[in-house]
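Got the viewer open? Let's take a walk through this one together, stop by stop.

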Amino acid sequence: MTEKLYRSPHTAFIMGFECSEPHDDTSYLANLLTSEIAVLKGPSTVIWEILDQPASTEEIVTEISDIYGLPRETIAESVLVFLDSLLNQGLLHRVSES
């Protein structure tokens with residue numbers, strides 16, 4: 001059984017247009033139940049885009065590693081901390097798939 005993360009249906013996403021560099025825009029998430037706002041920059045926005053479809057933490061780390069050309073070991077902890085933050089804010093949910 002694989003655990004995947006998916007976007008909460010109670011989350012609004014606003015893509016920013018401040019920068020011309022790819023994957024470097026500032027974006028915003030809002031929990032519509034609590035009115036909490038999260039600011040996303042750089043790889044955080046890319047992770048949110050990856051989560052357009054449910055994805056495992058392994059899939060997310062691999063994709064970020066590939067996009068930025070960095071070793072998985074270098075980015076894994078930061079990605080997991082960010083995902084935990086989104087889970088704690090109610091912006092992501094976990095689902096088990098068989």
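## First stop: two helices crossing

Start by selecting α1 and α2, which pass each other in a right-handed crossing. Keep in mind as you look around that this is a predicted model. The axes of α1 and α2 come within 10 Å and cross at roughly 130°. That angle makes α1 oblique to α2.

Now show the side chains where the two helices meet. On the α1 side, pick P43, V46, I47 and I50; on the α2 side, pick I60, E63, I64, I67 and Y68. Colour them by class and this contact splits into 8 nonpolar, no polar and 1 charged.

Stay with I67 for a moment, which lies in helix α2. Is I67 buried, exposed or partly exposed? With a relative accessible area of 35%, I67 is partly exposed. Draw a distance from the C-alpha atom of I67 to that of P43: you should get 9.4 Å, for two residues that sit 24 residues apart along the chain.

## Zoom out: the whole chain

Time for the overview. Switch to a cartoon view and you'll find 3 helices and 5 strands in the chain. Trace the elements from the N terminus and the order is β-β-β-β-α-α-α-β.

Next, try a surface view. The chain has 98 residues, and 37% of them count as buried. As for contacts in the chain between residues at least 6 apart in sequence, 50% join residues at least 24 apart.

## Bring in α3

Add α3 to your selection and look at how α1 packs against it. The angle between α1 and α3 is about 65°, and their axes are 11 Å apart. These two helices are therefore roughly perpendicular to each other. Again the crossing is right-handed, with α1 passing α3. To see the contact, select S44, I47 and W48 of α1 together with V79, F82, L83 and L86 of α3. The classes here are 6 nonpolar, 1 polar and no charged.

How much of α1 is buried? The count is 6 of its 8 residues, so α1 is largely enclosed by the rest of the structure. To light up the buried ones, select S44, T45, V46, I47, W48 and I50.

Now hide α1 and turn to the pairing of α2 with α3. Their axes come within 9 Å and cross at roughly 125°. That makes α2 oblique to α3. The crossing of α2 and α3 is right-handed. The α2 side of the contact consists of T57, E58, I60, V61, T62, I64 and S65, and the α3 side of R72, I75, A76, V79, L80 and L83. By class, you have 8 nonpolar, 3 polar and 2 charged residues in the contact of α2 with α3.

## Into the core

In soluble globular proteins, nonpolar side chains tend to be buried together. Here, the largest nonpolar core has 21 residues. For a good first selection, take the ones with the most contacts inside it: I47, L51, I60, I64, V79, L83 and L92. Four elements each supply at least two residues of this core: β4 (37-40), α1 (43-50), α2 (57-68) and α3 (72-88). Which of them gives the largest share? That would be α3, with 6 residues.

Centre the view on L83. Setting aside its neighbours within four places in sequence, L83 is in contact with L5, I47, L51, T57, I60 and L92.

## Two loop stops to finish

First, go to S56, in the loop between α1 and α2. S56 has a relative accessible area of 10%, so it counts as buried. Show what lies around S56: apart from residues up to four places away in sequence, S56 touches T2, E3 and K4.

Then jump to S35, in the loop between β3 (27-31) and β4. Is S35 buried or exposed? S35 is exposed, with a relative accessible area of 60%. Check its backbone too: S35 has a positive phi of about 65°, although it is not a glycine.

How values were computed. Residues numbered from 1 in each chain as written. Predicted model: local features only at pLDDT ≥ 70, side-chain atom pairs only at ≥ 80, totals over all residues. Heavy atoms only, no water. Core = buried A, V, L, I, M, F, W, Y, C linked by side-chain atoms within 4.5 Å. Buried < 20%, exposed > 50% of the residue type's maximum accessible area, 1.4 Å probe, protein only. Contact = heavy atoms within 4.5 Å. Axes fitted to C-alpha atoms, helices over the stretch in contact; angles between N-to-C directions. Parallel < 35°, antiparallel > 145°, perpendicular 65-115°, else oblique. Left-handed = near helix turned anticlockwise from the far one by under 90°. Nonpolar A, V, L, I, M, F, W, Y, C, P; charged D, E, K, R; others polar.
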